Amino acid sequence: MAELRTLVTKVRSKNAGPFWLTIDIFCGSPEAYAQVSRDLKTSRVATAFNADSQTVKRFDMPDLNVVKFSLPRPTVQGAIADRDMHGASWAALVGELEI
Amino acid sequence: MARAPLHPGSPHPADRPTSMTRVLIPSGALGLNYDPEALARGVAARPDIIAVDGGSTDSGPSYLGRGVSKYARASTKLEWAGLMKARAIAGVPLVIGTAGTCGTDAAVDWMLDITREIATEQGTSLKVAVLRSSQDIGRVAESFEAGNIAPLPGAPDVTAQDIQACSNIVALAGAEQISAALQTGADIVIAGRTTDTAIIAALPLMQGCHGGGAWHGAKIGECGALCATNPQSGVIMIDFDDAGFTVTPMADGAHASPHTVSAHMLYENSDPFILHEPGGHLDVTGARYTALDETSVRVEGSKWVPSDRYTVKLEGARPAGCRTVLMALLRDPRYVANAALWAEDIVTKCTAKVLDRMDITAEEFTLEIRLMGHSASFGMLETRHADPVEIGVIGIITAPTEDQAAEIGKLLNPYLLHHPLTQEEEQPTFAFLFSPPDMHQGTVYEFALHHVMHLTDPMDAFRLEVTHIG
């Protein structure tokens with residue numbers, strides 16, 4: 001078991017418009033990609049955000065060694081309850097998952 | 001007139017210049033700065049157009065709500081003056097999309113005002129096409145009730161009343177509206193809200209370049225040199241033709257590779273293969289990225305898929321109340337260790353006091369304390385718990401009026417200064433950063449629309465004006 005972030009080059013989160021969040025896991029090598037693609041279940045990412053798995057879009061991209069997730073933002077960007085205008089910090093919740 | 005290819009491996013020799021549209025993109029957004037030497041190199045390579053984006057929703061709903069720019073006027077003017085000079089040297093149109101961050105009519109007027117000032121200072125006389133994207137709120141509400149507005153995935157539930165409550169609604173123009181502006185023969189196009197890609201894709205599409213290539217290249221170029229190494233340099237050149245496009249960063253030492261270019265499709269996109277635009281969508285599933293040399297990348301194989309109906313996306317922001325913020329610092333180890341308990345107790349007691357002493361209901365205001373260094377990033381979703389040296393306390397209040405928000409702030413103030421963990425102990429005092437400790441943000445806004453509107457004619461939701469300045 002290791003934290004995902006220690007196995008990959010970078011985990012990045014950004015807004016994809018005000019209503020969606022997108023998380024890009026740059027694995028850095030085919031080996032790390034194979035491990036992340038195999039061992040990181042979509043349901044774990046959904047749980048980290050308290051989201052319904054059905055709403056999480058997943059893209060496994062071997063050409064880039066990237067696994068990408070997109071989901072409706074935990075709170076709409078800039079809403080009163082929002083904590084992160086640019087969606088920048090959310091990556092940590094994925095990077096700190098143990099796989 | 002023959003133009004040299006930007007690199008020896010180009011499939012477009014100088015004797016085939018007419019099949020190519022060369023678009024110079026100075027940066028990802030006006031106000032973010034660009035490398036002047038790289039821009040000069042781009043101008044020397046004789047582009048057909050200079051296109052720069054002026055905004056985005058990424059800074060939040062306040063800019064659209066108020067209809068103002070995020071960037072300093074001084075920076076915008078300095079950078080725009082540089083681009084206007086570059087335009088004069090190149091002798092080609094200069095286009096800005098989503099002027100003034102949000103692309104409302106007020107932001108377009110702000111940009112037009114800056115352009116007038118510069119034209120006078122540079123002693124030039126120019127034809128300017130102004131494309132307006134602001135929507136009549138009542139007409140959007142009517143269109144919604146008539147069933148011409150549909151939600152996109154993840155959209156909030158809205159009613160016609162919610163739409164009426166918006167302070168600003170803009171429609172995102174596509175290539176058709178930018179083409180109409182370019183067809184006026186204007187030296188400068190100042191556009192309100194557009195898709196990030198439309199200002200780049202419009203001229204290649206007008207000149208018959210490959211549809212998939214035009215939109216894909218535009219997406220790759222819309223953040224300037226972010227699709228290459230040395231992204232801060234900003235400046236990028238894209239050559240469009242009848243089969244695809246070639247991307248070349250202009251800064252000394254900047255490189256594009258198949259990896260940096262293809263990886264840019266991930267950026268701020270919920271789907272890295274499909275991009276929806278007015279009139280259809282781009283599909284890059286079959287795109288092939290090839291390195292032509294150490295600097296340039298050739299892309300072919302992307303597809304443009306036209307849609308049956310012509311729709312434009314809408315963005316709207318409406319007032320969400322008035323906000324007052326208070327800050328304090330906890331450094332006493334016992335209070336740092338028990339900060340969550342302390343904050344929860346304050347929220348409970350202060351909320352009761354607000355309801356007791358003010359003429360306001362629980363539904364009309366919010367009172368929240370976030371603890372920086374503890375759980376401010378993720379709240380209940382936080383999984384880590386450490387032992388911080390100190391904790392920043394942020395009290396956040398929203399209420400219907402500025403006076404009410406300020407009054408609640410005054411009720412919260414004594415708690416943040418003196419609230420004890422237990423009744424028995426001596427009254428504690430915590431650190432306030434300022435006098436007064438409360439900051440008043442005035443009206444705050446929220447995004448209200450994530451919808452598309454059907455149009456019979458692409459110009460139906462937009463207005464085009466031509467004006468002469470200088």
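**A four-stranded sheet in chain A and its partner, chain B**

In chain A, four strands form an open sheet in the order E1-E2-E4-E3, with antiparallel pairing. The edge strands are E1 (10-15) and E3 (57-61) of chain A, and each of these pairs on one side only. From one strand to the next, the twist averages 15 degrees. The model described here is predicted. Strands of a sheet pair through backbone hydrogen bonds, and the pairing may be parallel or antiparallel.

The sheet can be followed strand by strand. E1(A) and E2(A) pair in the antiparallel sense over six bridges. Within this pair, Val11(A) stands opposite Ile25(A) in E2(A). The two strands form a hairpin with four residues between them. Gly17(A) lies in the turn and has a positive phi of about 80 degrees. Although E1(A) is an edge strand, five of its six residues are buried, so E1(A) is largely enclosed by the rest of the structure.

On its other side, E2(A) meets E4(A) in the strand order. Strand E2 (residues 20-26) and strand E4 (residues 66-72) of chain A pair in the antiparallel sense over seven bridges. Here Asp24(A) of chain A stands opposite Lys68(A) in E4(A).

After E2 comes a loop that leads to helix H2 (30-39) of chain A, and Gly28(A) lies in this loop. Gly28(A) has 15 C-beta neighbours inside 10 Å, so it counts as partly exposed. Some of its partners come from elsewhere in the sequence. Leaving aside neighbours within four places in sequence, Gly28(A) is in contact with Val8(A), Thr9(A) and Asn65(A). Val66(A) is 38 residues away from Gly28(A) in sequence, yet their C-alpha atoms are 7.9 Å apart in space.

A record also covers this chain. In an unreviewed entry, UniProt lists residues 4-89 of chain A as "domain: DUF4387". Over residues 4-89, chain A is 24% helix and 29% strand. The C-alpha atoms at the two ends of this stretch are 15 Å apart.

Chain A touches chain B. The contact takes 33 residues from chain A and 31 residues from chain B. On the side of chain A that touches chain B, the elements giving two or more residues are E1, E2, E3 and E4. E4(A) gives the most to this side, with four residues. By residue type, the side of chain A that touches chain B divides into 16 nonpolar, nine polar and eight charged.

Chain B has 13 helices and 21 strands. Its C-alpha atoms fill a box of roughly 90 × 50 × 50 Å, taken along the principal axes. Of the 470 residues of chain B, 49% count as buried. Many of the contacts in chain B span long stretches of sequence: among those between residues at least 6 apart in sequence, 76% join residues at least 24 apart.

Helix H1 of chain B shows how burial can be arranged around a helix. In H1(B), Ala38(B), Leu39(B), Gly42(B) and Val43(B) are buried. These four residues cover an arc of only 140 degrees around the axis, which puts them on the same side of H1(B). An α-helix has 3.6 residues a turn, so residues three or four places apart point the same way. The cover over the buried residues of H1(B) includes E1, helix H3 (73-90) and strand E8 (236-240) of chain B. Just after H1(B), Arg46(B) takes a positive phi of about 55 degrees.

Several further backbone features stand out in chain B. Most residues other than glycine have a negative phi, and most peptide bonds are trans. Asn33(B) is not a glycine, but its phi is positive, at about 75 degrees. This residue is found in the loop between strand E1 (21-25) and helix H1 (36-44) of chain B. With 16 C-beta neighbours inside 10 Å, Asn33(B) counts as partly exposed. Thr101(B), also not a glycine, has a positive phi of about 70 degrees. Thr101(B) is found in strand E3 (residues 94-101) of chain B. With 28 C-beta neighbours inside 10 Å, Thr101(B) counts as buried. The peptide bond from Ser435(B) to Pro436(B) is cis, with omega near -5 degrees. Pro436(B) is found in the loop between strand E18 (431-432) and strand E19 (438-447) of chain B.

Definitions and conventions
Residues are numbered from 1 along each chain as its sequence is written. Chains are lettered from A and ligands numbered from 1 in the order in which they are written. This is a predicted model: local features need pLDDT of at least 70, side-chain atom pairs count only at pLDDT 80 or more; totals for chains, interfaces and linings use all residues. Two strands pair if DSSP finds at least two bridges between them. Axes are lines fitted to C-alpha atoms, for helices over the stretch in contact, and angles run from 0 to 180 degrees between N-to-C directions. Two residues are in contact if their C-beta atoms, placed from the backbone, lie within 7 Å. Ala, Val, Leu, Ile, Met, Phe, Trp, Tyr, Cys and Pro count as nonpolar, Asp, Glu, Lys and Arg as charged, and the others, Gly among them, as polar. UniProt positions are given in the numbering used here, feature names are shortened, and annotations may be inferred rather than shown by experiment. A residue is buried if 20 or more other C-beta atoms lie within 10 Å of its own, exposed if 12 or fewer, and partly exposed in between; C-beta atoms are placed from the backbone. The arc is that of the directions from the helix axis to the C-beta atoms.
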